[in-house]
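Visitor: I would like to go through this model with you, one question at a time. Please show it first.

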Amino acid sequence: MPDGDYDPRATEEEWQNRWVDEETYAYDPEHEEVDPNTVYSIDTPPPTVSGSLHMGHLYGHTLQDFAARFHRMDDGAVMFPFGYDDNGIASERLTESELGIRHQDFERREFQQKCREVCAEYEAEFTEKMQDLGMSIDWNRTYKTIEPRVQRISQLSFVDLYEQGREYRKKAPAIWCPECETAISQVEQEDAERHTHFNDIRFDLTEPTESGRESFVIGTTRPELLPACVSVFVHPDDDENAELVGETAEIPIFGHEVPIIEDDRVDLEKGTGVVMCCTFGDQKDIEWYQAHDLPLRVAIDESATMTDLAGDYEGLSTHEAREAIVEDLDELGYLESREELTHTVQVHERCETDVEFRVSKQWYVEILDHKEEYLEAGEQMDWFPQKMFTRYEHWIEGLEWDWLISRQRDSGIPFPVWYCTDCGQEVLAEKADLPVDPLSDDPPVDSCPDCGHDEFEPEDDVFDTWATSSLTPLVNAGWDWDADEGFTMENPELYPFDLRPQGHDIISFWLFHTVIKCYEHTGEVPFDATMINGHVLDENREKMSKSRGNVVDPAKVVAEYPIDAIRYWAASTAVGDDFPFKEKDIVAGEKLLRKLWNASKLVEHLAPEPVDEPDELAPLDEWLLAELDAIVESTTEQFRNYEFAKARDRLRTFFWNTFCDDYLEIAKQQVEEGAASETPRDGGGGAADADPRSTQYALQTAHRTFLQLFAPLMPHITEELWHDMYVEGDATDSIHTRDWPAPRGYEADLEGGEAAMAVIGALRRYKSENQLPLNEPLDHVAVYGNVDGFTDAIAGVMHVESFELLDSAPEITTEVADIGLDYATLGPKYGGKVGEFDAAIDSGEYELDGDTLSLAGETLEADEFEVREERTYSGAGEMLSADEAVIIVN
Ligand SMILES: [Zn+2]
Ligand SMILES: [Zn+2]
C-alpha cells in the first residue's frame with residue numbers, strides 16, 4: 001500500500017475511468033459464467049431529459065447501485081442498463097425554454113430536430129455525471145425512448161393492443177391542458193389550491209311555477225361557464241326545489257334557455273341544492289351530458305380563450321371573462337352575493353395550468369375493465385417497503401378513465417395509423433414495417449378495406465410519453481416481432497425483471513402503466529420485486545424547492561466530498577422513507593473511509609505475506625472469524641431485503657468497535673510479541689510462545705471479507721485496497737466481480753469471546769492508566785464472568801502470571817450513590833413539596849422499597865425517580881469495571 005493518507009479524489013476518478021474503459025460492469029449473456037436462471041436484472045428509471053441531475057437522482061440511482069453491486073457479487077451476472085426518456089412534453093418544454101422558442105412557430109420536423117439536439121446535449125452531460133458517481137451501469141446497454149428501435153417497440157405495442165381489442169378511438173370529453181394544448185390522462189392531473197370567489201347568481205324562470213316562484217339561485221366559482229350552460233339539476237329529495245323540475249330557466253346575460261332536470265347526483269349539502277351543468281366544468285358535468293344526452297356548448301377553446309358563444313366576451317381568457325361577467329351580473333342585478341374561497345382544483349402536473357374538459361377524438365387503452373387483474377399483478381410483486389403497495393392499490397381503486405394515450409403535440413412517437421377519408425376506417429401499419437411515420441410514409445394498402453376508397457389521412461397525434469416509458473422491461477429484454485416467430489425476446493433470461501426501482505411519486509405513472517403494458521403483452525407480471533425510494537428533504541426535513549431556496553446542488557456536494565462518503569449517507573435511512581440531506585452523515589462516511597484505510601495499512605504491516613490457515617486457530621482468532629460469519633450472514637440477508645441502512649450500521653459497528661478498537665489492538669500485540677519471541681529474549685510473560693500465523697490468518701481473512709462486504713456501499717476505496725493488497729500487478733480482477741463471501745463455518749462461544757474482549761480492554765486501560773508497558777506481567781487477575789474457554793487467551797495477551805476464574809461474585813457492596821427526581825412529572829403533581837423531597841434525599845431520610853420511594857410522607861412511583869448505584873469492592877486488590885464481567889487485579 002502507498003504511504004500516507006487516502007486520496008479519495010484521485011482514487012475515485014481513476015476507478016471511474018477504469019470501470020468504464022475496461023467495461024467492468026458489462027452484461028454479456030454469451031459469457032460462460034452467465035446462468036440464465038440467476039441473472040439479476042434491473043429495470044432502471046430513464047430520467048426525463050428536463051434539466052440537470054438533482055439530489056433525488058443521486059439518491060435513487062445510488063440505491064439501485066447498492067442492489068446491482070451486491071447481486072453482481074452474489075448472483076454472478078447483473079443487467080444494470082440505463083436510458084433516457086426524451087420524447088414527449090417534458091423534452092418539448094425543455095427545448096422551448098432552452099432556445100426561447102414556441103413549438104407552434106415551427107414545422108413539426110424542424111421542431112423535432114431541435115428537441116433531439118437539445119436532448120442530446122443534456123444526455124451527454126448527464127451520462128458524464130452518472131459516471132462521476134461511480135454507478136456500475138453497463139454503458140453499452142443504454143437506450144433513448146425516441147430512438148428508432150424503441151419507436152418500433154412502442155408502435156408494436158400499439159398494434160398488438162389494437163389487435164387484442166384493447167384500444168379504441170372515441171370522440172368524447174377528455175381532460176385538456178390549455179397551456180400545452182393537448183389532451184392528457186387522469187394520472188397527469190394533480191391538486192392545486194386556488195384563491196377564488198363563490199358567486200350566488202339568480203336565474204329567472206321563463207314562466208312562474210304554479211306556486212308563483214319566479215327564480216332560483218345557483219352558486220358557482222366559474223361564472224365564465226354560463227354561456228356553456230346546458231341544463232339545471234335538482235335532487236329528487238329536495239322538497240324545497242321540487243317544483244322547479246320540468247320548468248325552463250333563462251341564463252342571465254346570455255339569454256339562452258335550459259331545462260331543469262331531476263338527478264340524484266346533485267349534492268344536497270352544497271350551495272342552494274340547485275346546480276347548473278355546463279359543457280364542461282367538471283367530471284359530473286360530463287356524466288350528466290352523457291346520461292341526459294344534453295347538447296354541447298363550447299364556450300372555451302383549446303387555449304382557454306372564450307369562443308363566439310360567449311358573445312361580448314369572445315377573445316377574453318377564462319380569467320378575464322370571469323371577472324367581466326361577474327361585474328356585469330352585479331350591474332344587472334343577478335349577483336346575489338360573493339364570497340372569497342380557497343379550494344382545490346385539478347392542474348396539469350407538467351405546467352400547473354388549470355385543466356379543462358374538451359370533446360375531442362382521442363385514442364384510449366381500455367383499462368377500467370381489468371382493474372382487478374392489475375391489482376392482482378401488484379399483489380404478486382414483492383414490495384420494498386411493503387407499505388407502498390397501498391399507493392398502488394388506492395390509485396387503481398380511484399381510476400375513473402381509460403388511459404388516454406394520444407397527445408396533440410410534436411415531439412413524440414407517431415401513431416402508425418391512417419384513416420380512410422371517405423368512411424373513416426382505421427388502417428394500421430404492418431408490424432414488419434415499423435417504425436413508420438404516417439405523415440411521410442404510405443399506408444400498407446392501396447384502397448380502403450371497408451369501402452374501397454383510395455385516399456387516406458394520416459394520424460398526426462403522437463403517443464403519450466408514458467405509453468413508451470411503460471415498455472422499458474421489453475426494451476431492455478429486446479422485445480420484437482417477426483413474421484415466422486411472432487413476438488420474441490432477444491434476452492428472455494432477463495424477463496420478468498428481478499427489480500423495478502423507482503420513486504414513490506411515480507407509482508401511479510411509471511409502475512402502474514408498465515404493469516398494464518407488460519401484462520397485456522406477455523401475460524406476466526414484469527417484476528419480481530419493486531423497491532420504492534423516498535424523497536431527499538433539506539436538513540430541516542422540508543421539501544426542497546426553488547421557491548424556498550433550499551435546493552442542495554449535487555454538483556457542489558460531489559465537489560466537496562468523496563463519492564463513497566456520499567453513498568454512506570445514502571444508506572442512512574430505510575428504503576421508502578423521505579429523508580433529510582445531512583452533511584454530518586457524509587462526514588461520518590469520510591471518517592469511516594479513513595478508518596478503513598488506516599486499518600488496512602496496519603493489517604498489511606502485521607501480515608505482509610499471504611498466510612495459509614494454520615491447523616489450529618487461537619481461541620480469540622477463531623472467535624473473530626465466527627463473529628465474522630455471523631456478520632456475513634446478516635449482511636447478506638439485509639442486502640437481499642434491500643435493508644441497506646441496517647446492513648451499513650451493523651457492518652460499521654462491528655468493523656469499527658470490534659475489529660479496529662478491540663481485535664486489531666490485540667493482534668498487533670500478539671504479532672509483534674510473537675515476532676520478538678523468535679529471537680532470544682529475557683523474561684516476559686505468557687505470549688512469548690504465541691504463534692503469529694493464527695492471528696495473521698484471521699487478520700487477512702477478516703480484512704478481505706470486510707472489503708467485500710463494504711464493496712457495494714463504498715466501491716472506490718474497496719477496489720483500491722483490493723488491488724493494492726490482493727491483486728498481482730495491474731490485473732483487471734475487480735473486487736466487484738468477485739463472489740460474495742459466504743460464512744466459513746467457524747464456531748465459537750460468541751458471548752464468551754465478547755466478554756473476554758471486554759476483560760482485555762479493561763486490563764489494557766488499567767495498564768495504561770498506571771503507566772505500565774503492555775507486556776508488563778500482572779501477578780494475579782481474578783475474573784467473575786462468562787469467559788470460560790478464553791482464560792488462556794486473556795492471560796496470554798495481558799501477561800497474567802496467575803489467572804483465576806471465580807465461581808461466585810466477589811464481595812461487592814452496592815450502595816445508593818444518588819437519587820434523581822423527575823421534576824417535570826413531580827413539579828405539577830406535588831408543587832412546593834418537591835423541595836421537601838430534595839431535603840429528604842440529602843439527609844438520607846427516605847426508604848427504597850422495590851419500585852417505590854417513600855419520603856416526606858409521600859410514595860413516588862418507579863418512573864418518577866432514578867437510582868444511581870455505586871459498586872465498591874473491599875477485598876484485596878483493585879476492581880476494574882466492565883459491563884460483561886467483574887475483574888480483580890492484584
Ligand atoms: Zn400543460
Ligand atoms: Zn373507407
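Visitor: How many bridges join strand S18 to S19?

Guide: This is a predicted model, in which local features need pLDDT of at least 70 and side-chain atom pairs count only at pLDDT 80 or more, while totals for chains, interfaces and linings use all residues. Residues are numbered from 1 along each chain as its sequence is written, chains are lettered from A and ligands numbered from 1 in the order in which they are written, and side-chain values use heavy atoms, with hydrogens and water left out. Strands (E, at least two residues) and helices (H or I, at least four) are DSSP runs numbered from the N terminus, and two strands pair if DSSP finds at least two bridges between them. Strand S18 (residues 417-420) and S19 run antiparallel, and the number of bridges joining them is 3.

Visitor: Which residue in S19 is the bridge partner of Tyr419, and which are the edge strands of the sheet?

Guide: In S19, Tyr419 has Glu426 as its bridge partner. The open sheet has 3 strands in the order S19-S18-S20, with antiparallel pairing. Pairing on one side only marks the edge strands, which are strand S19 (426-428) and strand S20 (456-458).

Visitor: What is the arrangement of donors around the zinc ion (ligand 2)?

Guide: Donors are N, O and S atoms within 2.8 Å of the metal (3.2 Å for Na, K and Ca); water is not among the atoms, so sites may look incomplete. Here the protein donors are the SG atoms of Cys420, Cys423, Cys448 and Cys451, 2.2 to 2.3 Å from the ion. Four donors count as tetrahedral if all angles lie between 85 and 135 degrees. The angles at the zinc ion (ligand 2) are 105 to 117 degrees, so the arrangement of its 4 donor atoms is tetrahedral.

Visitor: How many residues apart in sequence are the parts that Cys423 and Cys451 tie together?

Guide: The donor spacing for the zinc ion (ligand 2) is C-x2-C-x24-C-x2-C. Because Cys423 lies in the loop between S18 and S19 and Cys451 in the loop between S19 and S20, the pair ties together parts whose separation in sequence is 28 residues.

Visitor: Is Cys180, a donor of the zinc ion (ligand 1), buried or exposed?

Guide: The protein donors of the zinc ion (ligand 1) are Cys177 (SG), Cys180 (SG), His348 (ND1) and Cys351 (SG), at 2.0 to 2.3 Å. Cys180 sits in the loop between strand S5 (167-177) and strand S6 (182-183), and Cys351 in the loop between strand S13 (335-348) and strand S14 (356-365), 171 residues apart. Buried means under 20% relative accessible area, exposed over 50%, partly exposed in between (1.4 Å probe, protein chains only). With a relative accessible area of 0%, Cys180 is buried.

Visitor: Which residues does Thr636 touch, not counting those up to four places away in sequence?

Guide: Thr636 lies in helix H16 (residues 619-640) and counts as buried at 10% relative accessibility. Asp74 is 562 residues from Thr636 in sequence, with 8.6 Å between their C-alpha atoms. Contact means heavy atoms within 4.5 Å. Beyond the excluded neighbours, Thr636 touches Phe70 and Trp740.

Visitor: Which helix gives the largest nonpolar core its largest share?

Guide: A nonpolar core is a set of buried Ala, Val, Leu, Ile, Met, Phe, Trp, Tyr and Cys residues joined through side-chain atoms within 4.5 Å. The largest has 123 residues, and Phe644 and Leu763 are among those with the most contacts inside it. Its largest share, 13 residues, comes from helix H17 (residues 644-677).

Note on methods
Tetrahedral: all angles 85-135°; square planar, octahedral: opposite > 155°, others 65-115°.
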